[in-house]
Amino acid sequence: MPNQQVHQLTCQKHLFSLPTDRHYLNCATRGPFSQAVEAAGVAAIHRQTNPFGLAPGEFFSTTEPLRHLFSQLINNPDPERIAVVPSVSYTMAVVARNLPHKPGFRQGQKIVMIANEFPSDVYAWERVVAEYDLRVETVTMPDTFPLTDAWNEALLKAIDDETALVVAPPVHWMYGTRFDLESISERAKSVGAWLAVDGTQSVGAMPFDLSRVRPDVLVVAGYKWMMGPYSTSLAYFGGAFDGGIPLEETWMGRIESDQFHRLTDYQPAYRPKAYRYNMGEQSHFIHAPMLEISLNQLLDWKPSRIETYCRDLLTPALPALEDLGCRIEPEAGRCQHLVGVWLPDHSEPMAVSQALQAGRVSVSARGRAIRVSPNVYNNGDDVAALIRVLAEVL
């Protein structure tokens with residue numbers, strides 16, 4: 001048998017320019033650029049200083065690698081179902097615009113989502129709810145630990161024949177609680193509801209299999225676990241959105257739009273599948289090369305190995321946090337790369353986060369917890385610094 005140790009991921013800090021005297025355990029807020037991604041951005045800027053010879057086809061070809069690489073990352077067999085979008089909120093607005101055209105949609109139905117969801121996954125529904133007399137059913141977080149099983153059971157129970165749309169993530173963005181998307185998807189499909197998934201806090205740091213989850217929409221912001229540039233995201237649109245209404249009428253979404261000498265021969269037909277949902281100016285001559293490099297890095301590292309690396313890095317330190325009076329969801333109910341550390345009742349999470357920052361340890365305060373989110377550039381020194389400073393603070 002081959003030595004399995006050979007296939008384990010080792011610390012990749014040498015590929016980044018992070019200072020050694022600071023401890024960045026905060027990828028859930030923003031992923032740092034690797035040196036290769038930084039170099040790709042600088043090279044792209046240099047190319048922009050002299051755009052002589054830019055061919056029409058390059059307005060389309062720059063993002064084609066993103067569709068193919070992202071498809072590999074999520075096990076999507078059809079790259080034409082990937083759109084380049086600016087944000088999660090943009091994608092959820094597309095879902096809201098098309099929801100009234102979903103087969104079986106009727107006034108008075110409900111949208112099911114979890115409590116304490118990220119605002120981009122909440123604000124998108126206000127107009128469609130008001131216009132069609134819909135209601136939002138928010139599945140609250142359980143009052144006692146452990147959270148995962150009870151929260152998942154309550155979410156599944158909330159999905160019934162009155163449900164038009166389910167909005168659920170693989171993991172909770174604040175606490176790292178895992179949601180059983182395969183069961184949620186099966187339940188949603190059994191009642192004719194759409195499933196919209198915000199994978200921003202999971203895709204890139206843990207495996208995601210599109211063929212198993214079967215969402216109608218999946219969107220991932222590029223600047224967190226994909227460690228790419230801000231304001232560039234990638235979204236999958238399933239067959240339910242073929243022929244749907246885009247959020248904007250970008251000229252690049254129409255057929256033959258690469259024929260620049262004929263652009264005033266206005267075309268009523270869209271390019272196939274997800275192309276109509278691309279943002280305007282989707283070419284991203286600077287962002288696209290950067291995100292292409294970061295996606296290649298992730299595919300080389302492999303999300304399963306990233307997940308294992310984060311588990312092996314952080315799990316041994318969790319008993320020390322519990323000794324300080326903190327609570328942590330059991331391993332079966334949480335992800336490995338984003339761990340909610342619930343502080344003792346007498347502690348103020350924002351004050352603790354600021355004290356950690358002063359001690360050169362970067363985490364985030366979210367609700368009653370601090371969110372610890374390591375990645376492959378972290379090592380044991382970073383975790384030891386977290387424990388040491390937190391012990392002083394608490």
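Strands β11 and β12 are paired in the antiparallel sense over three bridges, and within this pairing A365 has I370 of β12 as its bridge partner. The description given here rests on a predicted model. On the β9 side, strand β12 (residues 369-372) is joined to β9 by four bridges, again in the antiparallel sense, and I370 of β12 stands opposite V341. I370 is thus the residue at which both pairings can be followed, with A365 as its bridge partner and V341 opposite.

Taken together, these strands form an open sheet of three strands in the order β9-β12-β11, with antiparallel pairing. The edges of the sheet are formed by β9 and β11 (364-366), each of which pairs on one side only. Neighbouring strands in this sheet are turned against each other by 35° on average, when direction is ignored. Although β9 is an edge strand, both faces of this strand (residues 339-342) are covered, with V339 and V341 buried on one side and G340 and W342 buried on the other.

The loop between β9 and α12 (349-358) contains S347. With a relative accessibility of 7%, S347 counts as buried, because the limit for that class is under 20%. When neighbours within four places in sequence are left aside, the contacts of S347 are with V352, R368 and L394.

Helix packing was examined for two pairs. Two packed helices are described by the angle between their axes and the distance between the axes. In the first pair, the axes of helix α3 (residues 64-74) and helix α9 (residues 287-301) come within 10 Å and cross at roughly 25°. Since angles under 35 degrees count as roughly parallel, α3 and α9 are therefore roughly parallel to each other. The crossing in which α3 passes α9 is left-handed. On the α3 side the contact involves P65, L66, L69, F70, Q72 and L73, which meet A288, L291, E292, L295, N296, L298 and L299 of α9. Sorted by class, the residues in this contact of α3 with α9 comprise 10 nonpolar, two polar and one charged.

In the second pair, helix α6 (residues 148-158) packs with helix α7 (residues 181-190) at an angle of about 10°, and their axes are 9 Å apart. That angle makes α6 roughly parallel to α7. The residues that make the contact are N152, L155 and L156 of α6 together with S183, I184 and R187 of α7. By class, this contact of α6 with α7 has three nonpolar, two polar and one charged residues.

A further loop position, G108, lies between α4 (88-98) and β3 (110-114). G108 has a relative accessible area of 28% and is therefore partly exposed, the range for this class lying between the 20% and 50% limits. Not counting residues up to four places away in sequence, G108 touches Y132, D133, L134, R135 and E162. The C-alpha atom of G108 is separated by 38 Å from that of M226, a residue 118 places away along the chain. The two loop residues considered here can accordingly be set side by side, since S347 counts as buried at 7% relative accessibility, whereas G108 is partly exposed at 28%.

Key:
Residues are numbered from 1 along each chain as its sequence is written. This is a predicted model: local features need pLDDT of at least 70, side-chain atom pairs count only at pLDDT 80 or more; totals for chains, interfaces and linings use all residues. Side-chain values use heavy atoms; hydrogens and water are left out. Helices (H or I, at least four residues) and strands (E, at least two) are DSSP runs, numbered from the N terminus. Buried means under 20% relative accessible area, exposed over 50%, partly exposed in between (1.4 Å probe, protein chains only). Contact means heavy atoms within 4.5 Å. Two strands pair if DSSP finds at least two bridges between them. Axes are lines fitted to C-alpha atoms, for helices over the stretch in contact, and angles run from 0 to 180 degrees between N-to-C directions. Angles under 35 degrees count as roughly parallel, over 145 as roughly antiparallel, 65 to 115 as roughly perpendicular and the rest as oblique. A crossing is left-handed if the near helix is turned anticlockwise from the far one by less than a right angle, and right-handed if clockwise. Ala, Val, Leu, Ile, Met, Phe, Trp, Tyr, Cys and Pro count as nonpolar, Asp, Glu, Lys and Arg as charged, and the others, Gly among them, as polar.
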